[in-house]
Amino acid sequence: METVMQQTRKEKEKMKKRRMTGSQAVMESLLNEGVDLMFGYPGGAIMPVYDALYDYQDKLNHVLVRHEQGAVHAAQGYARVTGKVGVCLVTSGPGATNTITGIADAQIDSTPLVIISGQVASPLLGTDAFQETDVVGISQPITKWNYQVKRAEEIPEAIAKAFFIARTGRPGPVLIDITKDAQFTQFDYEHKPVNHVRSYKPVTAVRKDQIAEAARLINLAKRPMALIGQGVVLGNAESELMSFLDKTQIPAAWTLLGLSAMPSDHHLNVGMLGMHGHYAPNVKTNESDLIIAIGMRFDDRVTGNVQKYATNAKVVHLEIDPAEINKIIYADVPVLGNVKESLPMLTEMVSPNNHEAWLGEFKACYKIEDQKVIQPEINPTKDGLTMGEVIRKVSEAHDDDAIMVTDVGQHQMMASRYFKFKQSRSVVTSGGLGTMGFGLPAAIGAKMGKPDRPVCLFVGDGGFQMNIQELGTIFQTKVPVKIILLNNEFLGMVRQWQELFFDKRYASTEMVNPDFITIAKGYDICAEVISERENLDAAIRRMTEHEGAYLLEVRVEKEGNVFPMVPSGASVSDVRLE
């Protein structure tokens, strides 16, 4: 006779193992990973999963986008502002291949995503069946991990493993491809949480000897500079960063993706690095005697000519990914590990310091830039509206505390320079890949991830049209995104290069645009266009006070340029102010 304990155990096992289809197992697995929002587009090979979704609509909010690339960018926006894993659901063939640009963008910018794609039935694999593509093979170079599921029994572990890999260590995108027969097959479902994968070591233990040597160099340095990357944000190490900086009083510059890791108005914040970054951190890089890179990867837009980069400095590199150490810039002292762990250890060992004179040199450089570049941009005396003045006024209208989303181009660099931040996770932009069309869907995902924060999208007339169909997603969901369309009737960044380096030969960069206001109103989005300075403040006020989505098209000067600028292949010391 069974004991009461044995009966109870069997009942628990029965509850854990429930008979269901592979499609139902996908839903259960997503719930077990804490998913409550996903973006997608149905089709034949993923239809069984969407059929299962019908019964989970009270638990899983699915956003129907208008293009699969939009689904991935929306999931990126959601992931970037929340720190959670973004989720996409797409079909096979063109549905899956339409995600590739977004996946590549997420990979290079370390954004945690799980993309679930449908696939033709197992017997049809390799037969060139209708809407069959080898998405696993295509996506292998641009995913952190991918896997094709051919049996329903594999689904729980595969999805759990996907989320574990996507969110741990250096985050990134993971793709799970599920054949149609696996979606239909019934099996005994059992949740299989994954907290370990053999041969996968997401984080290296911090070595105390590396910390000690880094601290020694920091204590000896007379002209140190900290470079703040997105790793601080991804590691939730903002407070640890501030403790380190407050103790050492080291000037700190941020990368494009490191924006908002510390407040814009902090006295140690000396601005943005890179090709269109601020004058001071670029010039002072080669005068520094110690570079402390914190969660950044020395992108070429930051370094310029690597042979002429940080020529007088030793380098301490705090980094979670061993592959980034010495990949671009040699690290005299590499400190492997999550910066949330390594920064406190380093802070404990460094001595309190004051680099007031060195910081004063940055401030002197800023005054030069302010006079030659910043004031003419945000307080112009010329007739045409500038991007910088529009961006600064929008930032101020939100008390410098909105989420800034950008597309890619001149407006992206202008927004990064002139928008201000008070709290972390306030920036959503395409960094490493520079994907035009990123902004609109990313803004939708960001607003859905942080519904209580204002989301301001800055987009150019070129990038806006690359995923303009996502206005339909706004129409259906009523997500209140504020869109500031900076229209100069050019592919502005390419035109700037053509002006400066190709003798003003404007080949295929001038845009003949549609009536954006009429298009927006067709999607029931409130919209207006302005071209005169005296109308700007009132238009921004109308936009910010409007409860729903809003398109404010601003006709800006056609041939405005972004300065400072480090020419391609030049040293950061050769930064141009005009």
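1. Let's start with strand β15 (residues 403–406), which runs parallel to β17 and is joined to it by 4 bridges. Strands here are DSSP runs of E with at least two residues, helices are runs of H or I with at least four residues, and both are numbered from the N terminus. Two strands count as paired if DSSP finds at least two bridges between them. Within this pairing, T406 has F458 of β17 as its bridge partner. Please keep in mind that this is a predicted model, where local features need pLDDT of at least 70 and side-chain atom pairs count only at pLDDT 80 or more, while totals for chains, interfaces and linings use all residues. Residues are numbered from 1 along each chain as its sequence is written, and side-chain values use heavy atoms, leaving out hydrogens and water.

2. Strand β17 (residues 455–460) also pairs with strand β18 (residues 482–487), in the parallel sense and over 5 bridges. Two of the matches are worth finding on screen: L457 has I483 of β18 as its bridge partner, and G460 has L486 of β18.

3. How many residues of β17 are buried? It is 6 of the 6, so the strand is largely enclosed by the rest of the structure. Buried means under 20% relative accessible area, exposed means over 50%, and partly exposed lies in between (1.4 Å probe, protein chains only). Both faces of β17 are covered, with V455, L457 and V459 buried on one side and C456, F458 and G460 buried on the other.

4. Now the sheet as a whole. It is an open sheet of 6 strands in the order β16-β15-β17-β18-β20-β19, with parallel pairing. At its edges stand β16 (427–428) and β19 (526–530), each with a single partner strand, so one side of each has no neighbour in the sheet.

5. F458 deserves a closer look. Leaving aside residues up to four places away in sequence, F458 touches I391, V394, M404, V405, T406, D407, H411, A415, F419, I484 and L486, where contact means heavy atoms within 4.5 Å. F458 is also, with F244 and I294, among the residues with the most contacts inside the largest nonpolar core, which has 98 residues. Helix α16 (residues 356–378) gives the most to this core, with 7 residues. A nonpolar core here is a set of buried Ala, Val, Leu, Ile, Met, Phe, Trp, Tyr and Cys residues joined through side-chain atoms within 4.5 Å. Apart from the largest core lies another one, of 39 residues, among them V87, V114, I155 and A158.

6. Strand β7 (residues 173–179) is another enclosed strand: 7 of its 7 residues are buried, so the rest of the structure largely encloses it. P173, L175, D177 and T179 point one way, V174, I176 and I178 point the other way, and all are buried. Strand β5 (residues 113–119) runs parallel to β7 and is joined to it by 7 bridges, with L113 standing opposite P173. Strand β6 (residues 145–149) is likewise parallel to β7, through 5 bridges, and Y147 has I176 as its bridge partner.

7. Next, helix α10 (residues 208–220). Its end C-alpha atoms are 18 Å apart, which agrees with the 18 Å that its 13 residues should span; the expected span is 1.5 Å times one less than the number of residues. Q210, I211, A214, A215, L217 and I218 of α10 are buried. They cover an arc of only 165° around the axis, which puts them on the same side of α10; the arc is that of the directions from the helix axis to the C-beta atoms. The face turned away from this buried side carries the exposed residues K208 and L220. The buried residues of α10 pack against α12 (238–248), β12 (290–294), β13 (314–319), β14 (333–336) and α15 (339–349).

8. One residue of α15 to check is K340. K340 is partly exposed, with a relative accessible area of 37%. Not counting residues up to four places away in sequence, K340 touches G235, N236, A237 and E240. K340 and L234 are 106 residues apart in sequence, yet 9.5 Å apart in space, C-alpha to C-alpha.

9. Finally, the cysteines. How many disulfides does a search of the whole structure find? The search finds 0, a disulfide being a pair of cysteine sulfur atoms within 2.5 Å. The closest cysteine sulfur to that of C526 is in C456, 15 Å away, which is too far for a bond. C526 is partly exposed, with a relative accessible area of 33%, whereas C88 counts as buried at 0% relative accessibility.
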